[in-house]
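Thanks for coming, everyone. I would like to walk through a few local details, so please have the sequence and the model open as we go.

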Amino acid sequence: MVGQLRARRAAGVILKVIKQGKISGRAILMAGAPGTGKTAIAMAMSQELGDVPFTSLSASEIFSMEMSKPESLTQAFRRSIGVRIKEETEIIEGEVVEIQIDRSVTGVGPKSGKLTLKTTDMETIYDLGQKMIDSLTKEKVMAGDVIQIDKVAGRITRLGRSFTRARDFDATGADVKFVQCPDGELQKRKEVVHMVSLHEIDVINSRQQGFLALFSGDTGEIKPEVRDQINQKISEWCEEGKAEIVPGVLFIDEIHMLDMECFSFLNRALEDTMAPVVIMASNRGMSRIRGTNYQSPHGVPLDFLDRLLIISTQAYGEEEIKQILKIRCDEEEVEMADDALSVLTKVATETSLRYAIHLISTSHLVAQKRQANKVDVADIKRVYSLFLDEARSVQYLKDYQDEYLYNEIVPGQSDSMTVDQPSASA
């Protein structure tokens, strides 16, 4: 990332406490002008978190869902809370010595065979059925491979090629992984960890079709009684050491689009014992709270704003803008001359960074039309004249507003369209 050092340092501190599990139930507001990298910082935080659940949504999505606003926010909260479930399973792990598959003479009927596995301490022969033979064939297992067999699921995993076969004259590619032959017993007990979200558990337990509802997307509203039972069961598993709650991150963009009902819900939800870290973003200054006539900073009620840790993002400098544009050119595989990049940087400082980024691909198309491999200053000037930025568009509307429809409506008048009534004499 480029620039925003103070905001990135603050985000780094937040990341550390999230990973340590010490900040669940807190809320962070990222406030700044449009195009200052608020969403980019939030996406970078999600990548740094790794295994921690991360949910992203726009505040306007809550009003478009076919469910109540508290229910959609509750589902978003529970998507952001993970449950790390631990269970022990029996596995067979060893190096394949030999695979024997017996087929009938007619070619019809089930196959059978024998699989010889070994470790550094022992060697055993297992009988194979049709299902295991198909799994071995699918995984392309051969003598010298180190495999792992899940006894419960019957799943075969090819771990790699044994080091003892490293000197064989086999045709091995660069992607072949060599591993040590396992030691000890062939059959072992291994702890397996599964990560699921609370929302996934809610859907599975509230629908007749179970986990298939997760794929259809038709989750609908979930009864509070179901969630209470699940919370109780998860708490019991945590006490027994079978599960662990992992508070994740919920990122809500355009937080100023929420109304008082949503803010009241967030106020209460953040006090819950199982609450994720809520990161919000807003590009508004003093604005009206949706659904009211009251103004507040960032369009957020003052009592809720008092709960937030606020991270401010600043406007980019000229050198930072130039570096961002250069990275964007590399991403879009556009070769641009140095003087053209300087002109584009000047355009970005006078208009906006987003407008300048849009001109990269369009100028590249103009350069291709004149059969040039590199974008020049003339290409930047050409697309600058073709596509208006915000300021020039507003000025154009002021100059030619008489030629547009409904231009007689002025601020202070009603936005509703009036129709002239015919006079009585007519």
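Counting a disulfide as a pair of cysteine sulfur atoms within 2.5 Å, we arrive at zero disulfides here. As for two of the cysteines, Cys329 is buried, with a relative accessibility of 4%, whereas Cys238 is partly exposed at 30%; buried means under 20% relative accessible area, exposed means over 50%, and partly exposed lies in between, using a 1.4 Å probe and protein chains only.

I should say that this is a predicted model, in which local features need pLDDT of at least 70 and side-chain atom pairs count only at pLDDT 80 or more, while totals for chains, interfaces and linings use all residues. Residues are numbered from 1 along each chain as its sequence is written, and side-chain values use heavy atoms, with hydrogens and water left out.

Now to the backbone, where most residues other than glycine have a negative phi. Lys140, which is not a glycine, has a positive phi near 55 degrees; Lys140 sits in the loop between α5 (130-139) and β6 (145-150), and is exposed at 66%. Glu333 likewise has a positive phi, of about 55 degrees, in the loop between α11 (318-331) and α12 (338-350), and is exposed at 69%. Helices (H or I, at least four residues) and strands (E, at least two) are DSSP runs, numbered from the N terminus.

Finally, Met260 belongs to helix α9, residues 260-269, and is partly exposed at 35%. Beyond its neighbours within four places in sequence, Met260 contacts Ile289, Arg290, Thr292 and Pro301, contact meaning heavy atoms within 4.5 Å. Met260 and Arg290 are 30 residues apart along the chain, yet their C-alpha atoms are separated by 7.1 Å.
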